[in-house]
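I opened my notebook to see what I could read from this structure. I will go piece by piece and keep each entry short.

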Amino acid sequence: KSSFCNLFIQKVIGSCGVIVTGLSKIAWKFNALIEGKILCVVEEAEDVREGKHITYQIMKEIITGDEIIIENKGVDSIRRKNYTNLVVITNNKNSIPIEINDRRFVVLECSKTRIKDFPYFERMFKYFNDPDFCHALTHYYMELKRVLNIRDIPHTKAKDELAELSKNKCIVFKEEFKELYPNIKYIKTN
């Protein structure tokens, strides 16, 4: 997961990309790392059970906002044009608090078939060291951006699982209670 993104930033995006460890680097204070970046890869996103709502709101702003608030340490916050696209890589199942009807996140599960497939990764590194390959890859993604409908977010099983993990505990309790006791009549309150 990380190898492709690291190589893509190093060999294709360059200084217009950044790799950070943990969502806190972009979703909390002192997020100047993402100012002016077109791609931010967040590796090893932490469990966000605490502070979910705040993290989700800030990530929504980064994903869809035309501007973002940039905070440097020791100086006033400033509002800047937002160019940032996020890629979050993690093994943590509870890393991004996604709402059930979310329209911003694409959630994919990487195949495990290439784990420890060293010849595969050696070929990938070789390709990324070829300037012609990097140029072709850049051209491919630029053309893809022209024809891709970014509002048509794929719905995946992995996204459903993440949304289920992100549910409010009260909602989970209510759903489980209804499942355990289906014959109980419920009274709706406002």
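**Entry 1: a strand with two faces**

This is a predicted model, so I keep that in mind for each entry below. I began with strand E3, residues 67-70, and asked which way its side chains point. They alternate along the strand: Ile 68 and Ile 70 point to one face and are buried. Glu 67 and Ile 69 point to the other face and are not buried.

Next I looked up the partner of E3. Strand E4, residues 78-81, pairs with E3 in the antiparallel sense, over four bridges. In this pair, Ile 68 stands opposite Arg 80 of E4. I added a reminder from class: strands of a sheet pair through backbone hydrogen bonds, either parallel or antiparallel.

**Entry 2: stepping back**

I then looked at the chain as a whole. I noted seven helices and five strands in the protein chain. Along the sequence they follow the pattern α-β-α-β-α-β-β-β-α-α-α-α. The C-alpha trace spans about 65 × 50 × 30 Å along its principal axes.

How much of the chain is buried? Buried residues make up 29% of the 190 residues. I also looked up contacts with a separation of 6 or more, and 64% of these are between residues 24 or more positions apart.

**Entry 3: the open sheet**

Here I followed another set of strands. Three strands form an open sheet in the order E1-E2-E5, with parallel pairing. Strand E1 (17-21) and E5 stand at the edges with a single partner strand each, so one side of each has no neighbour in the sheet. Ignoring direction, neighbouring strands of this sheet are turned by 20° against each other on average.

I zoomed in on one pairing. Strand E2, residues 39-43, runs parallel to E5, and five bridges join them. Glu 43 stands opposite Ile 89 in E5. Helix H1 packs on this sheet and touches E1, E2 and E5. The direction of H1 makes about 150° with that of E2.

**Entry 4: helix H1 and its neighbours**

H1 deserved a page of its own. Which residues of H1 are buried? I found Cys 5, Leu 7, Phe 8, Ile 9, Val 12 and Ile 13. The buried residues of H1 pack against E1, E2, E5, H4 and H5. My reminder for reading a helix: an α-helix has 3.6 residues a turn, so residues three or four places apart point the same way.

I took helix H4 next. The axes of H1 (residues 2-13) and H4 (residues 118-128) come within 10 Å and cross at roughly 15°. An angle under 35 degrees counts as roughly parallel, so H1 is roughly parallel to H4. The crossing of H1 with H4 is right-handed. On the H1 side I listed Ser 3, Phe 4, Leu 7, Phe 8, Lys 11 and Val 12, which meet Phe 121, Met 124, Phe 125 and Phe 128 in H4. By class, this contact has eight nonpolar residues, one polar and one charged.

Then came helix H5, residues 131-147. It packs with H1 at an angle of about 100°, and the two axes are 10 Å apart. That angle makes H1 roughly perpendicular to H5. Phe 4, Phe 8, Lys 11 and Val 12 of H1 make the contact with Cys 134, Leu 137, Thr 138 and Tyr 141 of H5. The contact of H1 with H5 counts six nonpolar residues, one polar and one charged.

**Entry 5: positive phi angles**

I finished H1 by looking just past its end. Gly 14 follows H1 and takes a positive phi of about 70°. Most residues other than glycine have a negative phi. Lys 116 caught my eye here, with a positive phi of about 65° although it is not a glycine. Lys 116 is found in the loop between strand E5 (85-89) and H4.

**Entry 6: two loop residues**

Is Lys 116 buried or exposed? Its relative accessibility is 68%, so Lys 116 counts as exposed.

I looked up a second loop residue, Asn 31, between helix H2 (24-27) and E2. Asn 31 has 6% relative accessibility and therefore counts as buried. Leaving aside neighbours within four places in sequence, Asn 31 is in contact with Lys 25, Ile 26, Ile 69, Ile 70 and Glu 71. Ile 69 and Ile 70 took me back to E3, where my first entry started.

Note on methods:
Residues numbered from 1 in each chain as written. Predicted model: local features only at pLDDT ≥ 70, side-chain atom pairs only at ≥ 80, totals over all residues. Heavy atoms only, no water. Axes fitted to C-alpha atoms, helices over the stretch in contact; angles between N-to-C directions. Parallel < 35°, antiparallel > 145°, perpendicular 65-115°, else oblique. Left-handed = near helix turned anticlockwise from the far one by under 90°. Contact = heavy atoms within 4.5 Å. Nonpolar A, V, L, I, M, F, W, Y, C, P; charged D, E, K, R; others polar. Buried < 20%, exposed > 50% of the residue type's maximum accessible area, 1.4 Å probe, protein only. Pairing = 2+ DSSP bridges.
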